[in-house]
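Got your viewer open? Load the model, keep the selection box handy, and let's take a walk.

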Amino acid sequence: MAARVRLAEPVPGDRREFLELVDASADLHRPWTYPPADAASFRRLIERNRADNFYALLAKRTEDDAIVGLFEFSEVVRGSFQNAYLGYWVGGPFARQGYMREGMLLALRFAFGELKLHRVEANIQPANKPSLALAKRTGFRREGFSPRYLKIGGRWRDHERWAILSDNARLGHKGRRFTGR
């Protein structure tokens with residue numbers, strides 16, 4: 001079966017489509033995430049993506065290159081840890097269609113292959129059932145609970161800690177599906 005999704009670094013030409021998708025997805029995203037919602041925030045995302053400890057990857061539908069979601073690897077730590085935190089979101093029009101599952105497998109292949117990480121951690125709010133389900137379906141294991149862990153939308157929110165190790169990853173189909181760096 002042909003891949004329905006590919007990953008690509010965001011570029012300035014993606015700004016309009018990205019911001020329109022964020023706007024169209026506000027009801028789905030709240031209170032879980034607050035992605036860049038204006039031109040200045042999108043520009044900062046691209047600037048931040050130039051650092052060695054942050055990687056933003058758009059999930060794009062292969063049939064028409066439509067942006068369906070975003071994966072962000074942040075706080076990439078090297079040395080004896082080889083770890084990153086993963087944040088992700090899907091655009092409302094593309095939710096529950098399997099795009100993010102496919103994108104997650106590609107994002108993990110990128111993390112464990114190109115970045116050579118050992119561990120990826122996703123911190124998920126307990127009531128965010130779709131995000132928890134995606135983590136479970138793609139091989140993450142629950143490691144714990146952190147009360148008032150991250151400040152999102154102006155409030156400290158509880159999170160479950162989920163992680164996957166490179167040697168436990170089931171990454172599905174083969175092949176390079178990332179365009180960038």
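Start by selecting Phe73 and Leu86: Phe73 stands opposite Leu86, which sits in strand β4. Keep in mind as you look around that this model is predicted.

Now widen the selection to residues 67–77, strand β3, and to residues 83–90, strand β4. The two run antiparallel and are paired over seven bridges. Where they join, five residues lie between them in a hairpin, and if you click on Gly79 in that turn you'll find a positive phi of about 70 degrees.

Next, add residues 55–61, which make up strand β2. This strand also pairs with β3 in the antiparallel sense, here over six bridges. To see one such link, pick Ala56 and look across to Glu72, its bridge partner in β3. The hairpin of β2 and β3 has five residues between its strands too, and there Asp65 has a positive phi near 65 degrees.

Is β3 mostly covered or not? Switch on a surface and check: eight of its eleven residues are buried, so "buried" here meaning under 20% relative accessible area, the strand is mostly covered.

Time to go inside. The largest nonpolar core has 48 residues, and Phe73, your starting point, is among those with the most contacts inside it, along with Phe18, Phe71, Tyr88, Val120 and Phe140. Select residues 99–114 to light up helix α4, which gives the most to this core, with nine residues. Nonpolar side chains tend to be buried together in soluble globular proteins.

Last stop: Phe18. Looking beyond its neighbours within four places in sequence, Phe18 is in contact with Pro36, Phe42, Leu45, Leu58, Ile67, Leu70 and Trp89.

Note on methods: Residues numbered from 1 in each chain as written. Predicted model: local features only at pLDDT ≥ 70, side-chain atom pairs only at ≥ 80, totals over all residues. Heavy atoms only, no water. Buried < 20%, exposed > 50% of the residue type's maximum accessible area, 1.4 Å probe, protein only. Helix = DSSP H or I, 4+ residues; strand = E, 2+ residues; numbered from the N terminus. Pairing = 2+ DSSP bridges. Core = buried A, V, L, I, M, F, W, Y, C linked by side-chain atoms within 4.5 Å. Contact = heavy atoms within 4.5 Å.
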